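Let's walk through a protein model together, one question at a time. Have a look at the picture first, then try each question before you read on.

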Amino acid sequence: MKISILGSGNVATHLAKAFHNVGYQILQIWSREYDHAETLANQVFAEPINRLSLLYPTADFYILAVTDDALFDLALDLKLRDAIVLHTAGSVSLKVLQPISRKHGVIWSPQTFIRDASMDYSSLPFCIEGSSPDVKEHIRQLLLPISQHIYVVDTLQRQWLHLAAVMTNNFGNAINALAQDLLMAHNIPFEILHPLIEMTAEKIKLGGLWQQQTGPARRQDTKTLNNQRRLIADDEKLLKLYDLLTELIQEKTKSK
């Protein structure tokens with residue numbers, strides 16, 4: 001299998017490594033910044049390029065692992081006729097690739113990719129979409145040596161999934177960061193909460209998350225709620241967030 005990857009960021013880096021690790025040939029790495037392309041290309045024995053005109057026409061797949069804005073720009077500049085072209089964006093429609101090739105699709109994993117962090121690619125879920133059943137099957141075959149966790153989702157489903165991923169990952173991390181700020185401000189080690197965070201993550205796998213909800217909001221513990229509100233009364237935004245989440249928990253768990 002021959003693959004060319006357009007992009008050199010976090011997602012491009014991990015996809016290139018994942019494909020390289022299962023024996024696929026990475027032909028070229030493209031980036032507008034040649035040194036960025038070169039850095040990644042050297043890791044997967046590919047050719048670095050910084051001009052689209054230098055792309056070989058012989059790849060089986062062209063994977064556009066770039067930002068959403070850059071993706072739309074490439075759709076205007078890139079023409080690959082009958083090659084299979086894929087993008088990796090969570091919230092961008094499949095149709096953006098139509099001007100590039102009639103064979104197009106999406107591979108997207110709801111995961112945070114950190115460039116230099118090692119990953120177990122076999123555990124990654126991949127959501128795929130194709131412009132035809134044939135393209136969809138080609139994408140599935142492309143990914144099977146990497147991971148068995150492959151889900152066929154359409155563009156709207158992927159957008160809902162991306163929203164849910166933002167809530168789970170980005171919003172969840174922001175809540176933990178706020179908790180860390182509170183403890184640091186009062187000289188309390190945040191590591192005390194590490195086991196609680198780990199246990200919460202493990203419990204998620206059991207499902208029924210509203211039924212698992214605990215805490216003063218679930219118990220309707222007005223005395224504790226009011227005391228905690230007083231502690232953060234000087235932080236208007238944090239208090240508003242606390243009240244909103246408290247109200248949401250009470251509404252969602254009332255009948256459960």
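Q: Is Leu163 buried, partly exposed or exposed?
A: Keep in mind that this is a predicted model, so every value here is computed from it. Leu163 sits in helix H5. Buried means under 20% relative accessible area and exposed means over 50%, with partly exposed in between. Leu163 has 40% relative accessibility, so it counts as partly exposed.

Q: Which residues make the nonpolar surface patch of about 580 Å²?
A: We've just met one of them, Leu163, with its 40% relative accessibility. A patch takes residues with over 30% relative accessible area, so Leu163 clears that cut-off. The patch is made by Leu156, Trp160, Leu163, Met167 and Phe171.

Q: What is the volume of the largest pocket?
A: Here's the idea: rolling a probe the size of a water molecule over the atoms shows where empty space is left. For the largest pocket, the volume comes to about 2,700 Å³.

Q: Which helix gives the largest share of the lining of the largest pocket?
A: The lining of this pocket has 46 residues, with Ile175, Asn176, Thr200, Gln213 and Leu245 nearest its centre. Several helices supply at least two residues each, including H6, helix H9 (222-231) and helix H10 (236-253). The largest share, 13 residues, comes from H5.

Q: How many residues in the lining of the largest pocket are nonpolar?
A: Sort the lining by class and you get 5 charged and 13 polar residues. The nonpolar count is 28.

Q: Which residues lie nearest the centre of the second largest pocket?
A: This pocket holds about 910 Å³ of space. Helix H1 (10-21), helix H2 (34-44), helix H3 (68-77), strand S6 (101-108) and H5 each supply at least two residues of its lining. That lining has 40 residues, and the ones nearest the centre are Asn10, Val11, Thr88, Gln111 and Phe113.

Q: How many residues in the lining of the second largest pocket are polar?
A: Again, go class by class: 6 residues are charged and 15 are nonpolar. The polar count is 19.

Q: How many salt bridges does a search of the whole structure find?
A: Side chains of opposite charge can pair when their charged atoms come close. A search of the whole structure for such pairs finds salt bridges, and their number is 6.

Q: How far apart are the closest N and O atoms of Lys205 and Glu202?
A: Lys205 is exposed at 66% relative accessibility, while Glu202 is partly exposed at 47%. A salt bridge needs the nitrogen within 4 Å of the oxygen, and this pair qualifies because its closest N and O atoms are separated by 3.3 Å.

Q: Which residue forms a salt bridge with Asp221?
A: Asp221 is partly exposed, with a relative accessible area of 21%. Its partner is exposed, at 54%. The closest N and O atoms are 3.5 Å apart, and the partner is Arg219.

Q: Which helices hold Asp243 and Arg229?
A: The side chains of Asp243 and Arg229 meet in a salt bridge, at 2.6 Å from N to O. The pair links distant parts of the chain, 14 residues apart, with Asp243 in helix H10 and Arg229 in helix H9.

Q: What is the phi of Arg81?
A: Arg81 lies in strand S5 (residues 81-87). At 72% relative accessibility, Arg81 counts as exposed. Although Arg81 is not a glycine, its phi is positive, at about 55°.

Q: Where is Gln220, whose phi is near 60°?
A: Gln220 is another residue other than glycine with a positive phi. Gln220 is partly exposed, with a relative accessible area of 43%. Its place is in the loop between H8 and H9.

Q: What separates the C-alpha atoms of His194 and Arg81?
A: His194 is in helix H6 (residues 194-204) and is partly exposed, at 37% relative accessible area. Along the chain, His194 and Arg81 are 113 residues apart. In space, their C-alpha atoms are separated by 51 Å.

Technical notes: Residues numbered from 1 in each chain as written. Predicted model: local features only at pLDDT ≥ 70, side-chain atom pairs only at ≥ 80, totals over all residues. Heavy atoms only, no water. Helix = DSSP H or I, 4+ residues; strand = E, 2+ residues; numbered from the N terminus. Buried < 20%, exposed > 50% of the residue type's maximum accessible area, 1.4 Å probe, protein only. 1 Å grid on protein atoms, 1.4 Å probe; cavity = no way out; pocket = protein on both sides within 12 Å on 5 of 7 lines; lining within 4 Å. Points joined across faces, edges and corners; volume = space filled by probe spheres on them. Nonpolar A, V, L, I, M, F, W, Y, C, P; charged D, E, K, R; others polar. Patch = residues over 30% accessible without salt bridge, like charges linked within 9 Å, V, L, I, M, F, W, Y side chains within 5 Å. Areas by Shrake-Rupley, 256 points an atom, 1.4 Å probe, with all protein chains shown as cover.
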